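Q: I am new to this structure and would like a careful, close look at one part of it. Please explain each term as it comes up.

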Amino acid sequence: MTAFTQQDYTFMARALHLAERGLYTTAPNPRVGCVIACDGEIVGEGYHQRAGEPHAEVHALNDAGKRATGAAAYVTLEPCSHTGRTGPCAVALHKAGVQRVVVAMIDPNPQVSGRGIQLLRDAGVTVDVGLLEDDARRLNPGFVSRMERQRPFVRLKMAMSLDGRTAMGSGESQWITGPEARRQVQQLRARSGAILSGVESVIMDDSRLTVRSAELGLTDADDIVRRQPLRVILDTHLRLPLAAACLMAPGRTLIMTTQAGSAEKRAKLEQAGAEVQVLPAGEDGRVELAGMLAWLAEHEQINELLVETGATLSGALLDAGLVDEMHLYMAPTLLGGDARGLFNLSGIARMADQRQLTIHDIRAVGRDWRIIASPVIQEQ
């Protein structure tokens, strides 16, 4: 195992910081940063900014120029070895005269994993792997999930009162949380490749499910708005109104259903701007959720999926073990026993049936509280 120096850690931490700048713009590609250092000094740095544009290594090499000769490169993800819309970065590093490459994590794509490292080593370049690997994986949970599990990383966002209610019995829900929490939700949307909701929630809230620059406070807000997340609506019986706000909003709306339904209604939805995709049904007659996630990964290259929906779909995803992370915003208010609950979960009749969560973070967001948690994986 390589004994990394404090200087190695410093340079890789900088590369990870650079990679974060692509948080909202690189999809479906991963977020990657690169630092080139020589004699203890950074001589070049860069990050991957957008899919189809130069990778982080190319930006860093251009920044370093001739100073890359004899230098070390610190990269948060294994340099690519294949030619896509850009050339192979492993070759570019070697041609620039880089003598050592430090890689945080191996590319999880099984078709290319390890090839960039081997190419560099075959060319005589020293390659060390595994520095701050956990941090690098946390930076790209969706890309890693799509490569290793063939489905997106599923992030569930819910807003609730202190007594665990999400809406009044009538369905009225705007607004439970304050503006600071809603601003964070905009950031969650902006980093996601798609937003998933059930048709009932969309009808009730008539939500646009878009990224709005006015609430982001980000320097690259214009670019984020141009890259609106795909809106995915589960609608078994094609009930989405033709005048729904999401159909008028910028970006794509994809309706997933289990049947072609009324040819006339489908034609009208498509004329209104929607795309309709028929998928297999599960035992409950609704869209089979695991297959839906696999379809999004394969056909839309979705890395991170944000779920904004009601108790039925959120509960079904939890029941199926398909939720990776939960962002629960709790407002200091009470809605009462007649209000709607957070999740509809099946199979809970005894205390022994309760679903355990691991809480990763709790903090105040304006007047609300945000809880980040993940379901505990039950041993079979």
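**Where the two domains meet**

A: Nine residues of domain 1 are in contact with eleven residues of domain 2, where contact means heavy atoms within 4.5 Å. This is a predicted model, in which local features need pLDDT of at least 70 and side-chain atom pairs count only at pLDDT 80 or more, while totals for chains, interfaces and linings use all residues. Residues are numbered from 1 along each chain as its sequence is written, and side-chain values use heavy atoms, with hydrogens and water left out.

The assignment places domain 1 at 6–140 and domain 2 at 150–375, with bounds that come from an automatic or database domain assignment. Taken over C-alpha atoms, the centres of domain 1 and domain 2 are 34 Å apart. Between them about 930 Å² is buried, and carbon and sulfur atoms give 46% of that area; buried area here is the accessible area (1.4 Å probe) that two parts lose on being put together, summed over both.

One salt bridge is found across the interface of domain 1 and domain 2, the rule being a side-chain nitrogen of Lys or Arg within 4 Å of a carboxyl oxygen of Asp or Glu. R31 and E304 form a salt bridge in which the closest N and O atoms are 2.7 Å apart. Three residue pairs, both members at pLDDT 80 or more, are in polar contact across the interface. A polar contact is a pair of N or O atoms within 3.5 Å; within protein, one must be able to donate a hydrogen and the other to accept it, and residues adjacent in sequence count only if both atoms are side-chain atoms.

For further detail, one can turn to a recorded site. An unreviewed UniProt entry carries the annotation "binding site" for S173, R189, L209, R212 and E308; such positions are given in the numbering used here, with feature names shortened, and annotations may be inferred rather than shown by experiment. R189 belongs to helix α7, residues 179–191, helices being DSSP runs (H or I, at least four residues) numbered from the N terminus. R189 is buried, at a relative accessible area of 7%, and L209 is also buried, at 3%; buried means under 20% relative accessible area, exposed over 50%, and partly exposed in between (1.4 Å probe, protein chains only). Residues up to four places away in sequence aside, R189 touches L209, R212 and E308, among others.

Terms used
Helix = DSSP H or I, 4+ residues; strand = E, 2+ residues; numbered from the N terminus.
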